[in-house]
Amino acid sequence: MTAYVVQRILSLIPVLIGVTLLVFLVMQLAPGDPAQIMLGAHATESDVNRLRVDLGLDQPWYVQYTRWLGGVISGDWGRSIQLKREVLPYLAGRFQNSGYLMLLAMALACTAGVPAGIISAIRQYSLGDRISMVLVLMGFSTPVFWLGIILQIVFGLLLGILPVSGIQSPGQSGTVDLLLHLILPALTLATAPMAIIARMTRSSMLEVIRQDYMRTARAKGLTERLVINRHGVRNALIPVVTVIGLQAGYLLGGDILVEIVFSYPGIGLAMVTGILARDFPLVQGAILMVAASYVVVNLITDLAYAFIDPRIHYGT
Amino acid sequence: MEPDLALPAAKPGAPTARGLSARDSRSHSPTYDALRRLRRDHAAVAGAGFLIFMVLVSLLAPLIAPADPTATDLAQRLRPPGSPGHLLGTDELGRDLLSRLIWGGRISLAVGFTAVLAAMSAGVVLGLVSGYFGRWIDPLIMRCIDVLMAFPSLLLAIAVVASLGPGLGNAMLAVSIVGIPYYARIVRGSVLSLRNQEFVQAARVVGASHGRIIVRHILANSLAPLVVAATLDVGWMIMAAAGLSFLGLGAQPPTAEWGVMLSAGRQQIRNAPHLSIVPGAMIFLVVLALNFLGDGLRDAMDPRLKQ
């Protein structure tokens, strides 16, 4: 097992190098000269050239890349052109806000998705099963930015019971206020993962229900509830763990749209504002931070799967 | 596909596994059987019907749209649905909402189908080369694909648009690039499972060229999972492209595109909520129809998967 963990972590190194290279190249290819953008349209050519030399922009791309990568590793992610401040501490704060949102969304998705999938599987082809499967399909067909607007209209404008934008009300700083601000964006973000988790739990549970050990459990006289809970659910949830991990990718992407709809000050809002203002260091940092966290979440999912499924042997 | 379809394809110039079983007089072709099963799936049929309707509406947009989608009329701004001459009302610049929806559908559907076609073409070529030739090229292509897959899909699309600059064409290119790894992996997986099948080896023995083996034997047998994946993917591409437009990174105003309309409608959320509800509902319905059809196709092509 230890060997597997080490091997899995080592295998991340080329992927992470690839990710940094791609993020770097994507920004290199972007139109416009960063030095010109920093100094504004009225700067003289000699000023722009001096800044290019100062920033190392006159060097070949691989020199710039290694210098940038060195900075990324040592915690120097550059300065935001627009905000005139260090990128890393700024994005770290923003990422924390996004983290609250994604964790709450994931918790909602699991608490609703898993039981819905189990009940659907136990009552396969019942009316409830059919309805929930249609709802599931609707769940992942819904554009997250549209759902957010509908929830804003219903809960914010018509009912007036929940805040529709930002992270705290003016003059407030408590956890309750934060949670109230998180409800609508988290619900919006949770819908698609909830649907996918429900569908996966259902199909995994249907698979398990047909196994011999379930029949044996019934034959030895266990109540149906015990059979389902002790033998069914515990086995059915193993593949669901992977699906939950995979949803992290959706959450990290969908989060960007949700943050724009709800003007929620997370990393997605920072990224999009940065792109529109051509703030390259900020955008580069934000993309790198989200991509790196996705790689780490995938690693954790893989390892979690290895820990919970005793049938899998690793290290070979 | 199952290898049992493939037994007698050994003679030079013999029809492919797929083609041969289609001509087997005692049983129907797998495609025929799949279509028959699909016809019994009401949700999939409804999805297909709605999509055909939307494609027709989009094609006939110049004939059936009641007004020019970009013609502004400030005297008629923010008319509610049901106003005379404006069935769905008008937007903040007095443009007819129904006409913008019809023209917007044209863009969204075109973007969805074109992006999937582009992603599939590139992904199929990469997957075939990677799986069939193996050696050094397989790990090289797969590592590049690993890197692309290390990004959440929408983030990668945003990164590409950030690099190329906002615009509809760039957004379409971005969502296509995001789709490539998906198809490359499906095709590579099929190739690896088919490469050493008897009918492929037989074709090789009788001297069939690489191109012929790849196209007639391997690609033909990888089509079913590709068709299902592509159907489901069109929906994702439409949603992602609209999402990019919504963020201001895709189609730009005054283009009549559903994401742009939704984004502009948001500014009028208090006095004209339908301006954002209706375009979003169209994206939702088209994606839902594609998902119904894609699910139906998957069940019809491989009934064992149906659960």
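# Helices and the A–B contact side

Modeller: Chain A has 13 helices and zero strands (DSSP runs, H or I of at least four residues for helices, E of at least two for strands, numbered from the N terminus). This is a predicted model, where local features need pLDDT of at least 70, side-chain atom pairs count only at pLDDT 80 or more, and totals for chains, interfaces and linings use all residues. Residues are numbered from 1 along each chain as its sequence is written, while chains are lettered from A and ligands numbered from 1 in the order in which they are written.

Colleague: How many residues of chain A are in contact with chain B?

Modeller: 42 residues of chain A are in contact with 38 of chain B, contact being C-beta atoms, placed from the backbone, within 7 Å.

Colleague: Which element gives the most to that side of chain A?

Modeller: H2(A) does, with nine residues. Other elements giving two or more include H9 (175-209) and H11 (224-261) of chain A.

Colleague: And how does that side divide into nonpolar, polar and charged?

Modeller: There are 34 nonpolar residues, eight polar and no charged. Ala, Val, Leu, Ile, Met, Phe, Trp, Tyr, Cys and Pro count as nonpolar, Asp, Glu, Lys and Arg as charged, and the others, Gly among them, as polar.

Colleague: Changing topic, where does H9(A) bend?

Modeller: At A:Thr191, by about 40°, taken as the angle between axes fitted to the seven residues ending there and the seven starting there. A proline, A:Pro193, follows within four residues.

Colleague: What are the spans of chain A along its principal axes?

Modeller: About 85 × 60 × 35 Å for the C-alpha trace.

Key: Two residues are in contact if their C-beta atoms, placed from the backbone, lie within 7 Å.
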